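Colleague: Please take one part of this predicted model and go through it closely. I would like the sheet first, then the loops.

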Amino acid sequence: STKLCMTRDINSYNAFGILPTYDVQGTSLAVSTAQSFTVPDNYPNWIAIFTYTPGANIWVSFTTTATVAGSSVASLTSVLNPSARQVKGGDTISVITGDATAPFVCVEFQIIAPYQN
């Protein structure tokens with residue numbers, strides 16, 4: 001597993017240049033079929049960094065089975081194409097798409113210091 005370590009730019013400020021990690025999971029998605037990732041549990045605190053097929057609409061839930069949003073305003077438990085989130089070891093992350101193009105989703109896990117939730 002890889003500890004999140006922000007690289008420094010030429011002025012010695014933190015930059016979002018992350019180290020490669022060995023904790024990577026990915027899958028292609030069938031339309032309206034939820035799948036899930038499990039956060040590694042060998043450390044308690046992680047950041048999950050997501051990448052998607054360009055143009056894909058991937059809904060991600062950190063609390064329940066992901067669902068595709070409807071066509072009217074409503075409260076949601078899934079978010080569209082998040083870039084990164086803090087998660088706990090052993091958590092389940094659910095993903096789903098309404099796209100019929102079998103988009104791909106990938107998540108990289110980096111170890112981080114403890115945080116408050």
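Modeller: Phe37 stands opposite Ile93 in E9. The two strands concerned, E4 and E9, run antiparallel and are joined by four bridges. They belong to an open sheet of four strands, ordered E4-E9-E6-E7 and paired antiparallel. Strand E4 (35-38) and E7 are the edge strands, each pairing on one side only.

Now the loops. Strand E7 (79-80) is followed by a loop that leads to strand E8 (84-88), and Asn81 lies in this loop. Asn81 is not a glycine, yet its phi is positive, about 45°. Most residues other than glycine have a negative phi. The relative accessible area of Asn81 is 29%, so Asn81 is partly exposed, as the buried class ends at 20% and the exposed class begins over 50%.

Ala102 is another non-glycine residue with a positive phi, here about 55°. Ala102 sits in the loop between strand E9 (92-97) and strand E10 (104-111). With 46% relative accessibility, Ala102 also counts as partly exposed.

The remaining loop residue to describe is Asp23, located between strand E2 (14-15) and strand E3 (24-28). Asp23 has a relative accessibility of 16% and therefore counts as buried, since that class covers values under 20%. Leaving aside residues up to four places away in sequence, Asp23 touches Ser1, Thr2, Pro40, Trp46, Val107, Glu108 and Phe109.

Conventions: Residues numbered from 1 in each chain as written. Predicted model: local features only at pLDDT ≥ 70, side-chain atom pairs only at ≥ 80, totals over all residues. Heavy atoms only, no water. Buried < 20%, exposed > 50% of the residue type's maximum accessible area, 1.4 Å probe, protein only. Contact = heavy atoms within 4.5 Å. Pairing = 2+ DSSP bridges.
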